[in-house]
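Thanks for taking a look at this one with me. Here are a few numbered points to read alongside the model.

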Amino acid sequence: MNTRFGGVSGTGPPSQSASIGYLRVVPDFGDLIDFYRSYGASSFADDEPAYAEVCENLGDHPELVELIAGHDPDAQQPNLLFAAVHYLLLGGLDHPLRHVYDGTSSLPVAPVFADAVLTNRSAIDELMQNERTQTNEVGRSAVVALMLNDAYQRSQEPLSWIDLGASGGLNLNIDRFRIEYTTGERSIATGPANAALTLRCELRNGAPTIPSTHADIAWRVGVDRSPVQVADPSQARWLQACLWPSQPERHARMAAAITIAQAHPQRIIGADAVDGVAQALAEAPADTALVITTTWVWCYLPEATQKAVLKLVRESGRRVRWYSLEGRGVVAELGQPIEREVIDSLVGRVEMGGGMPEVSTVLGLSHPHGAWLDWYAPETL
Ligand SMILES: C[S@@+](CC[C@H](N)C(=O)[O-])C[C@H]1O[C@@H](n2cnc3c(N)ncnc32)[C@H](O)[C@@H]1O
């Protein structure tokens with residue numbers, strides 16, 4: 001039974017439609033339609049109006065509703081349906097929706113979208129059944145670079161870096177990126193001048209030291225329970241498909257980062273957080289400063305997993321700096337109140353283990369994709 005919408009009857013698969021004599025009992029998909037409408041209004045209205053319009057008008061397309069309802073509750077998410085369609089378009093599907101998305105057609109989006117789904121039913125069903133949405137936001141490297149610089153300057157040792165929840169590991173190639181931090185007219189850059197990818201971050205407040213070269217990373221590894229193998233073109237395309245169509249900048253930086261990752265693959269331990277961090281801590285070379293980063297990962301870990309990861313770190317016998325870029329209040333150790341309505345990310349550092357007292361520091365606030373940064377902690381750099 002479908003439970004996503006509170007177990008209301010009639011949100012099950014089309015096969016639950018039944019015929020009693022000549023009377024066909026048609027399921028009532030009202031809750032699913034309401035869910036899409038409210039999700040669209042809250043998640044897409046500002047930034048992806050095409051998706052918002054499809055959500056708003058879902059009820060006008062009963063066959064599309066039935067197709068969605070035929071999937072398991074966790075596959076009924078609007079983002080998964082949109083990613084599945086986007087994946088086909090990125091793969092070359094020739095459908096008018098392509099022109100609606102790129103603004104060269106003024107056809108109303110909802111019926112065109114419904115047609116794209118229904119004329120490619122089996123491919124969409126297969127994707128919705130087998131895939132789940134995944135993100136790997138390269139823009140966050142603008143903030144991670146400052147975290148790594150902070151660790152490097154404090155320790156004066158090359159770093160061993162564990163990126164927990166690395167996804168496709170795109171940010172693990174951070175020292176191949178050029179990052180330009182701007183304050184008004186001024187711009188300060190770190191990283192190679194001839195980099196294939198340049199990220200830009202507006203420094204709104206504060207003045208972190210920005211060295212012209214990245215921190216020295218002696219060893220690095222990602223940990224993820226569902227790593228994306230970007231060497232596989234179809235997995236790389238899925239990652240792109242999970243971005244929204246009207247975000248050309250995000251698409252461009254992800255495409256560049258994928259190309260870099262394909263040329264310079266980084267290792268990702270495919271394991272749940274506890275086992276993966278245990279393995280990484282055991283492997284990290286001595287005579288290096290240990291750093292763990294989490295960027296929009298901590299909120300996905302059950303509390304027991306969070307505690308088990310921190311226990312491992314505290315008992316590792318080494319001083320570890322854990323840097324986080326997470327929603328406000330998500331990292332309890334930083335002692336900030338939870339503010340779920342605010343999507344700014346809190347940037348923090350927790351120094352732990354190694355027989356020394358634990359020290360937590362809020363370093364700043366940033367845009368969730370690293371577009372801007374308020375740096376609170378001038379004394380830390
Ligand atoms: C929102 S993505 C963020 C990815 C990346 N850190 C970034 O900033 O782009 C969250 C990642 O955490 C991973 N993840 C979620 N739960 C996990 C767990 N229990 N153990 C390991 N990885 C996990 C997911 O597979 C996903 O790749």
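How far apart do the C-alpha centres of domain 1 and domain 2 lie? They are 34 Å apart.

1. A word on the ground rules. This is a predicted model, in which local features need pLDDT of at least 70, side-chain atom pairs count only at pLDDT 80 or more, and totals for chains, interfaces and linings use all residues. Numbering starts from 1 along each chain as its sequence is written.

2. Overall build. The protein contains 12 helices and 13 strands, where helices (H or I, at least four residues) and strands (E, at least two) are DSSP runs numbered from the N terminus. Its C-alpha atoms fill a box of roughly 80 × 45 × 35 Å along the principal axes. The radius of gyration is 23 Å, which agrees with the value near 21 Å for a compact globule of 381 residues; the radius is taken over C-alpha atoms, and the globule rule is 2.2 Å times the number of residues to the power 0.38.

3. Burial and contacts. Of the 381 residues, 42% count as buried, meaning that 20 or more other C-beta atoms lie within 10 Å of the residue's own (exposed is 12 or fewer, partly exposed is in between, and C-beta atoms are placed from the backbone). Among contacts (C-beta atoms, placed from the backbone, within 7 Å) with a separation of 6 or more, 67% join residues 24 or more positions apart.

4. The two domains. Domain 1 covers 14–130 and domain 2 covers 138–380, with bounds from an automatic or database domain assignment. Nine residues of domain 1 are in contact with eight residues of domain 2. On the domain 1 side, α2 (49–56) and α4 (78–90) each give two or more residues, and α4 has the largest share, with four. That side divides into six nonpolar, two polar and one charged; Ala, Val, Leu, Ile, Met, Phe, Trp, Tyr, Cys and Pro count as nonpolar, Asp, Glu, Lys and Arg as charged, and the others, Gly among them, as polar.

5. A loop residue worth a click. T133 sits in the loop between α7 (121–130) and α8 (141–155). T133 is partly exposed, with 16 other C-beta atoms within 10 Å. Leaving aside residues up to four places away in sequence, T133 touches N79, L80, A83 and C242. From T133 to Y152 is 19 residues in sequence and 34 Å in space, C-alpha to C-alpha.

6. The ligand shell. Of the 19 residues around the ligand (C-beta atom, placed from the backbone, within 6 Å of it), G165, S167, R225, A273 and T295 come nearest. The shell divides into six nonpolar, eight polar and five charged residues.

Notes: Contact = placed C-beta atoms within 7 Å.
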